[in-house]
Amino acid sequence: MQWWLAYLATGLAVGFFAGLLGIGGGAVLVPILVLVFTAQGLAPDHVMHLALGTAMASIMFTSISSMRAHHAHGAVDWEIARAMAPGILAGAFCAALVAGLIAKRPLALMFSGLVFYAATQILFDLRPKRSRELPGAAGLFAAGAGIGAVSSLLAAGGAFLCIPFLAWCSVPLRRAIGTAAAVGLPIALAGALGYILQGMRVEGLPAPGLGYVYLPALALVVVPSMLAAPLGARVAHRLPVKRLRMIFALLLYALAVRMLVSLW
């Protein structure tokens, strides 16, 4: 029962931060799951992969509600989303397969480096200047593949890369945010499938599960996270954004360092 409560609390925290700043996903969920899985006594060599796979599967559910909300406000550019989707599917799926072959420590280092990048982006509100137009079909495929691959390794919905890319290509910010929400679903689908298939080759994973997706954690994280997200969104409108960014970025730094210490 204590692990059930830990998963529920994790879901509440992840959902709250997702609603608060429009970001969260794997950057918050993976380090916490690593700590909980380690404390629970799951196989040490697999906790990083289980955390990534479970986090990626959870994004399948949360991205649907986000996509629907942005679509209802007419903020999704479906032409761009459709052009990027094939590359995103390929990149996310291949990266998930590759992640399953990487040992836990190098994988943790890669993940932490990506989290530090995301935290720095949030802390300093780094946004590229509009300097070019959208590329053609080949360029959007390549961009989608890169975004999908990195997001799959980070177990993230892709917004932290997709939004800056679209803004750099002169897409209005509101439309870039909505389109990034839409491409989060194919990232999650392909990434989760890759972690499931790769995990099916591995022995000693906890049951019940699908490859690297630990089903009890998935179920107990997804429901409270979706319930807590609206609360975070309401709080975001009442607190200073700059201070929230600083607190959240420092939290990401701390979680990434704590995860590295626990796995080293």
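In this predicted model, Ser152 touches Met56, Ala92, Ala95, Ala96, Gly191 and Tyr195, leaving aside its neighbours within four places in sequence. Ser152 belongs to helix α6, residues 137-154. Its relative accessibility is 0%, so Ser152 counts as buried. A polar atom of the Ser152 side chain lies 2.9 Å from the backbone oxygen of Ala92.

Ala92 leads to helix α4, where Ala92, Ala95 and Ala96 are among the buried residues, along with others including Ile80, Met84, Gly87 and Ile88. The buried residues of α4 pack against α3 (47-72), α5, α6, α7 (159-168) and α8 (173-199). At the start of α4, the backbone nitrogen of Glu79 has a side-chain oxygen of Asp77 within 3.2 Å. Further along, α4 has a kink of about 40° at Ala85, shortly before Pro86. The 22 residues of α4 (78-99) should span 32 Å at 1.5 Å a residue, and the end C-alpha atoms are 30 Å apart, which agrees.

Met84 is one of the residues with the most contacts inside the largest nonpolar core, a set of 80 residues; Tyr7, Val30, Phe37 and Met48 are also listed there. Beyond its neighbours within four places in sequence, Met84 is in contact with Leu140, Ala143, Gly144, Ile147, Cys162, Phe165 and Leu166.

Helix α5 is one of the partners of α4. With 20 residues (104-123), α5 should span 28 Å at 1.5 Å a residue, and this agrees with the 28 Å between its end C-alpha atoms. Its buried residues include Leu107, Phe111, Val115 and Ile122, but also Lys104, Ser112 and Gln121. Just after α5, Asp125 adopts a positive phi of about 50°.

How values were computed. Residues numbered from 1 in each chain as written. Predicted model: local features only at pLDDT ≥ 70, side-chain atom pairs only at ≥ 80, totals over all residues. Heavy atoms only, no water. Helix = DSSP H or I, 4+ residues; strand = E, 2+ residues; numbered from the N terminus. Expected span 1.5 Å × (residues − 1). Buried < 20%, exposed > 50% of the residue type's maximum accessible area, 1.4 Å probe, protein only. Polar contact = N/O pair within 3.5 Å; in protein donor to acceptor, adjacent residues only side chain to side chain. Contact = heavy atoms within 4.5 Å. Core = buried A, V, L, I, M, F, W, Y, C linked by side-chain atoms within 4.5 Å. Bend = angle between axes of the 7 residues up to and from the residue.
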